[in-house]
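Me: I would like to go through some of the labels given to this structure and see what each one rests on.

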Amino acid sequence: MRKTSFALALLTAAVLTACGGNGPSAGNQTPKTKFSNQITFGDSLSDVGTYAVGGVAALGGGQYTINGNNTSVNPELTGKNYTVLVAAQLGLPTPCAAQTGLQGTASAGFSVPVTDHPECFNYAQGGARVTNPIGPGNKALDKPGAVSLGQMTVPVVTQIANHLKKVGGKFKSDELVIVMAGGNDVLEQLGEFSAGATAAGGTALATSLITQLAPGTTGGAATIQAAIVTESAKSTATSQSIIGAAITAAARNGNTGAAANATTIGNTAGAAALAAAAKYQSDQGPVLVKNMAQAGIELGALVKNQILANGAGYVVVNNLPDVSISPSAKAQSAETQKLIMAMVAAFNDQLRNAVAGEAKVLYVDLATISRDQATNPAPYGLTNTTTPACDLSPAKNPLGSSLVCNKNNLIAGDVSHYMFADAVHPTPFEYALIARYVLEQMTVKGWL
Amino acid sequence: MNVSKNVVKMLVAAGALAAATGAMAQSKGQFAMSVGVNQLVPKVESGAISAPALPNSLGDVGKDTQPVLLVNYGLTDNISVETALGTPYKHKLYGAGAIQGTGQLGTVKALPAIALVQYRFFTPDTPFRPYIGLGVTRAMFMKETGSFAMTALTNPGAGVPTTFSIDNKWTYTGQLGVQMNVDQHWYANVAFLKTRLRTDVHFSTGQYQHMKLDPNAYILTVGYKF
């Protein structure tokens with residue numbers, strides 16, 4: 001009888017455990033803070049379609065990633081920018097570009113009236129810098145004869161001013177403001193840096209050639225110089241072709257030893273060119289780092305004096321991801337990569353210092369995360385952190401940019417978990433990782 | 001908290017009674033029941049959430065205290081069997097490691113069903129009778145409940161809340177206890193149980209996480225021998 005009781009007790013235990021055995025549920029999906037709007041200032045990394053018009057739209061593009069909802073191909077190919085994911089998670093309307101248009105070549109469809117959209121609050125524009133109005137893709141940088149994309153590249157300083165003008169000068173304290181910039185300050189300066197080094201090298205090459213070759217000629221210095229200028233202007237010009245043109249010109253003007261000593265002369269001139277380029281770089285590198293520090297100071301000041309001072313209550317400041325790990329940087333010399341890293345660090349250090357101690361600012365260190373992703377990709381789910389997912393060859397991608405990349409011009413294979421869409425821009429998967437990290441940091445901050 | 005206080009008072013009272021009167025205790029063929037509280041404290045060593053996640057995204061599990069009813073039966077004067085009945089333990093799940101500071105990410109209800117065989121030292125009439133036990137445990141997890149933060153960290157903006165489930169496990173438990181006999185019927189009981197428990201958490205995103213929970217259980221009860 002007593003044994004029966006014990007058996008009954010065990011049975012009761014079993015019944016009790018069976019009761020209420022409900023399965024998983026989602027729980028409360030409401031954030032702690034109910035934001036009224038999301039307002040974004042920045043560059044291509046936050047741009048949700050400023051240039052998704054005309055020829056760019058016709059090419060199936062508009063954002064700097066693998067464009068379009070291709071989740072039927074792979075669930076990660078959402079085509080969504082991190083700002084879209086964050087807004088959706090916070091229950092806010094899908095962000096749209098506050099301004100659209102293009103100011104480039106009309107025949108290519110790149111001339112579309114610039115239009116402001118009062119109902120839209122994502123001001124980020126591809127090519128935008130912090131305060132300098134001329135960023136990559138701006139028509140002011142067009143090369144003669146080339147097709148112009150004509151990005152407006154309205155800088156962050158003006159983006160903020162435009163917003164304040166639109167809403168009467170104040171942020172609402174329950175709005176989420178996202179700021180992310182600096183990348184184009186790196187890229188534009190690097191472009192100038194590279195062009196400057198090439199020019200310095202070219203000048204040194206010409207000087208060396210003329211110095212070596214002219215004495216053997218009868219007044220041939222001007223002719224040699226002219227030959228160098230003519231050759232250099234060709235799109236196919238290389239150091240070797242310029243050296244060849246100079247030697248040919250010298251020989252024609254009576255320098256009998258020119259052809260025989262071509263190798264020595266070429267080597268000497270080439271060495272002079274490299275030395276001049278290197279000197280330019282070592283002289284100018286610190287200037288670039290200093291300029292980036294200044295840009296960081298300026299962005300920090302904008303956050304404080306234009307955003308916080310005008311009533312914003314929640315400001316996410318994403319720092320500049322480490323551009324030195326991008327395919328763009330990896331294609332350059334180790335010295336240049338080091339320079340890029342120093343530029344990013346200078347910018348981020350100043351930005352972080354500027355907003356340190358601001359309770360209403362969340363500084364999100366994407367630089368560290370991006371660097372970690374490059375060295376330790378597996379936990380992030382990344383399968384490739386070095387190769388652009390988009391086929392950027394001119395035949396497949398007339399702009400050589402993810403701005404017009406979609407499922408039809410990807411490289412072969414599964415690129416769904418690649419880090420980069422093009423030389424600097426993230427894939428939708430990487431954007432999702434950024435969104436998660438921003439939200440994780442907002443959670444730790446106590447906002448969510 | 002009040003429950004714990006009351007239990008302490010009862011135990012103090014029981015101890016006083018034990019000192020005042022002679023005692024008898026669990027003997028062969030005797031059936032006993034005790035009620036009290038059990039605090040279940042997971043000793044967590046979390047694995048990292050699988051990709052895609054911040055490296056070293058860990059979890060932590062909070063403790064919970066619930067009422068418990070212990071039922072035991074003396075097979076001999078020294079060997080007894082015991083089981084426990086109780087309400088489910090509600091554990092809060094927290095982010096740890098790389099996601100330390102994200103706070104509560106979910107909750108889960110755990111119900112361990114347990115059957116122990118015990119050896120009780122000394123004779124049944126000893127006032128303080130220590131015992132050891134070894135048993136089989138079925139750890140059951142239910143009502144796994146996610147949160148905004150869990151979705152934000154795993155699949156933001158997709159409109160699909162992240163859910164998770166935890167594998168139920170068969171495992172074993174060791175027990176150390178002391179029974180303090182007050183009189184022929186009443187007794188107080190203190191026990192510590194250690195369970196080996198390793199399980200896996202499966203997220204609806206396809207991610208998983210291995211968790212070593214190895215919970216400690218601290219039981220205080222007051223009982224009656226029939």
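Below are short questions on those labels, with replies.

Reply: This is a predicted model, in which local features need pLDDT of at least 70, side-chain atom pairs count only at pLDDT 80 or more, and totals for chains, interfaces and linings use all residues. Residues are numbered from 1 along each chain as its sequence is written, while chains are lettered from A and ligands numbered from 1 in the order in which they are written.

Me: Why is Gln212(A) called buried?

Reply: A residue is buried if 20 or more other C-beta atoms, placed from the backbone, lie within 10 Å of its own, exposed if 12 or fewer, and partly exposed in between. Gln212(A) has 22, so it is buried.

Me: What is Gln212(A) in contact with, leaving aside neighbours within four places in sequence?

Reply: Ile265(A), Thr268(A) and Ala269(A); contact means that the C-beta atoms, placed from the backbone, lie within 7 Å.

Me: How do you know that the span of helix H6 of chain A agrees with what it should be?

Reply: Helices are DSSP runs (H or I, at least four residues), numbered from the N terminus. The expected span is 1.5 Å times one less than the number of residues. For the 13 residues of H6 (221-233) that gives 18 Å, and the end C-alpha atoms are 18 Å apart, so the two agree.

Me: What makes the buried residues of H6(A) line one face?

Reply: They are Ile224(A), Ala227(A) and Ile228(A). Seen down the axis, they fall within an arc of 100° (taken from the directions from the helix axis to the C-beta atoms), so they line one face. Val229(A) and Ala233(A), on the other side, are exposed.

Definitions and conventions. Two residues are in contact if their C-beta atoms, placed from the backbone, lie within 7 Å. Helices (H or I, at least four residues) and strands (E, at least two) are DSSP runs, numbered from the N terminus.
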